[in-house]
Amino acid sequence: MSTGSRVSTTSPRLRRSALPYLLLLPALLLELLIHLLPMVMGILMSFRRLTQFFIRDWSRAPWTGWANYELVLDVDRPVGEALLRSFLTTCLFTLLSVGLCWLLGTAAAVFMQESFRGRGLLRALFLVPYALPVYAAVITWAFMFQRDNGLVNHVLHDQLGLGGPEHTFWLLGDNSFWALLTVSVWKGWPFAFLIVTAALQNIPGELYEAAALDGAGIWQQIRRITLPSVGAVNQVLVLVLFLWTFNDFNTPFVLFGKSAPAAADLISLHIYQSSFVTWNFGAGSAMSVLLLLFLLLVTAGYLLVTSRGRRSRHV
């Protein structure tokens, strides 16, 4: 075969193999500009004493080395103590929110699996909280949680007579945690419902018919057929819910403003306050880097454990 024929046959092959990379190139460039470059700049900022005096030219800020990390990790000092308290609050909040979102979404998807009149309308209504813009939904909840004119106190205290005649402060004190958790679960569980509903469509109906003939009840069918069949989907779902909830900034910011009560001081809002309210961008960047490392470690550990679990079941 001549050299010209070899070139003519390999050239289309090279073009076909290069096409996927060319199609991915715009996305990779946007990822570089939107995420990777700011991430690198944030890491560099965490090693500087960057305050409001150096905002105009942050490259002139003094290099401090690990001083910002020592500051935020020292739990005996106010900054480190506040960060630790915010981290523990966020962990508890994330655990409850993810658990309730998964439980409500999975339960609704399972019980909506059977066909009945009005099922389509009910499914559409379930997805309304997920479809609403976050700011509009959380602002509505903020009005509903108002002490004197809010719908929540009107229903609980005035209509049902729960908690006595004195209205509750939902956006202040310890109750702010439960108000934030309510909003988070309300807008998060429809996503779990949507994902689990899609996964349930792949389960053959013959499995449930055979189980029913063998005398299995509804709870045995859910335990033996439904949950194992959607196990892989649930593993991804829980991870996504965890990352979204732990990083959630919009919900507490819209609900409480720039400064949340101590009981609802999530770490995302805490980092924002440290950076843009107290103007200590160096310490705020150090907190962000530590948060990133924590999420990477948790994600890697979670994927490692779940992958080992899948391999052990297949053996």
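In what follows, Ala, Val, Leu, Ile, Met, Phe, Trp, Tyr, Cys and Pro count as nonpolar, Asp, Glu, Lys and Arg as charged, and the others, Gly among them, as polar. By that scheme, the lining of the largest pocket in this predicted model has 16 nonpolar, nine polar and no charged residues. An unreviewed UniProt entry places the feature "domain: ABC transmembrane type-1" at residues 87–302. That span is 74% helix and 0% strand. The points below cover the annotated spans, the pocket, the nonpolar core, and several single residues.

**Annotated spans**

- The unreviewed UniProt entry lists "transmembrane region" at residues 21–47, 87–112, 124–144, 177–200, 225–246 and 281–305.
- Residues 87–112 are 96% helix and 0% strand in the model, with end C-alpha atoms 37 Å apart.
- Residues 124–144 are 86% helix and 0% strand, and here the end C-alpha atoms lie 23 Å apart.
- For the annotated domain at residues 87–302, the distance between the end C-alpha atoms is 19 Å.

**Largest pocket**

- The largest pocket holds about 760 Å³ of space.
- Helix H1 (3–45), H13 and helix H14 (281–314) are the elements that give two or more residues to the lining of this pocket.
- H14 supplies the largest share of that lining, 10 residues.
- In total, 25 residues line the pocket, and those nearest its centre are Pro38, Met39, Ile271, Ser288 and Val289.
- Ile271 is also one of the buried residues of helix H13.

**Largest nonpolar core**

- The largest nonpolar core has 43 residues, of which Phe145, Leu180, Leu200, Leu241, Leu255 and Phe256 touch the most other members.
- Two or more residues each come from helix H3 (78–111), helix H6 (134–144), helix H8 (175–200), helix H9 (205–213), helix H10 (218–229), H11 and helix H12 (250–256).
- The biggest contribution to this core is that of H8, with 13 residues.

**Helix H11**

- Helix H11 (residues 231–246) has 16 residues and, at 1.5 Å a residue, should span 22 Å; its end C-alpha atoms are 22 Å apart, so the expected and modelled spans agree.
- The buried residues of H11 are Asn234, Gln235, Leu237, Leu239, Leu241, Phe242, Thr245 and Phe246.
- Leu241, buried in H11, is also among the core residues that touch the most other members.

**Helix H13 and the loop after it**

- Helix H13 covers residues 267–277, and its buried residues are Ile267, Ser268, Leu269, His270, Ile271, Ser274 and Ser275.
- His270 has a relative accessible area of 7%, and therefore counts as buried.
- The C-alpha atoms of His270 and Ala82 are separated by 8.6 Å, although the two residues are 188 apart along the chain.
- Trp279 sits in the loop between H13 and H14.
- Most residues other than glycine have a negative phi.
- Trp279 is not a glycine, yet has a positive phi of about 60°.
- With 38% relative accessibility, Trp279 counts as partly exposed.

**Other single residues**

- Trp189 is in helix H8, the helix that gives the most to the largest nonpolar core.
- Trp189 counts as buried because its relative accessibility is 14%, and buried means under 20%.
- From Trp189 to Arg119 the C-alpha distance is 18 Å, with their positions 70 residues apart in sequence.
- Val128 belongs to helix H5 (residues 128–131).
- The relative accessible area of Val128 is 39%, so this residue is partly exposed.
- Val128 and Pro190 are 7.9 Å apart, C-alpha to C-alpha, and 62 residues apart in sequence.
- Arg117 lies in the loop between H3 and helix H4 (119–126).
- Arg117 has 86% relative accessibility and so counts as exposed, the cut-off for exposed being over 50%.
- The C-alpha atoms of Arg117 and Leu30 are separated by 46 Å, and the residues are 87 apart along the chain.

Conventions: Residues numbered from 1 in each chain as written. Predicted model: local features only at pLDDT ≥ 70, side-chain atom pairs only at ≥ 80, totals over all residues. Heavy atoms only, no water. UniProt positions renumbered as here; feature names shortened; annotations may be inferred. Helix = DSSP H or I, 4+ residues; strand = E, 2+ residues; numbered from the N terminus. Expected span 1.5 Å × (residues − 1). Buried < 20%, exposed > 50% of the residue type's maximum accessible area, 1.4 Å probe, protein only. 1 Å grid on protein atoms, 1.4 Å probe; cavity = no way out; pocket = protein on both sides within 12 Å on 5 of 7 lines; lining within 4 Å. Points joined across faces, edges and corners; volume = space filled by probe spheres on them. Core = buried A, V, L, I, M, F, W, Y, C linked by side-chain atoms within 4.5 Å.
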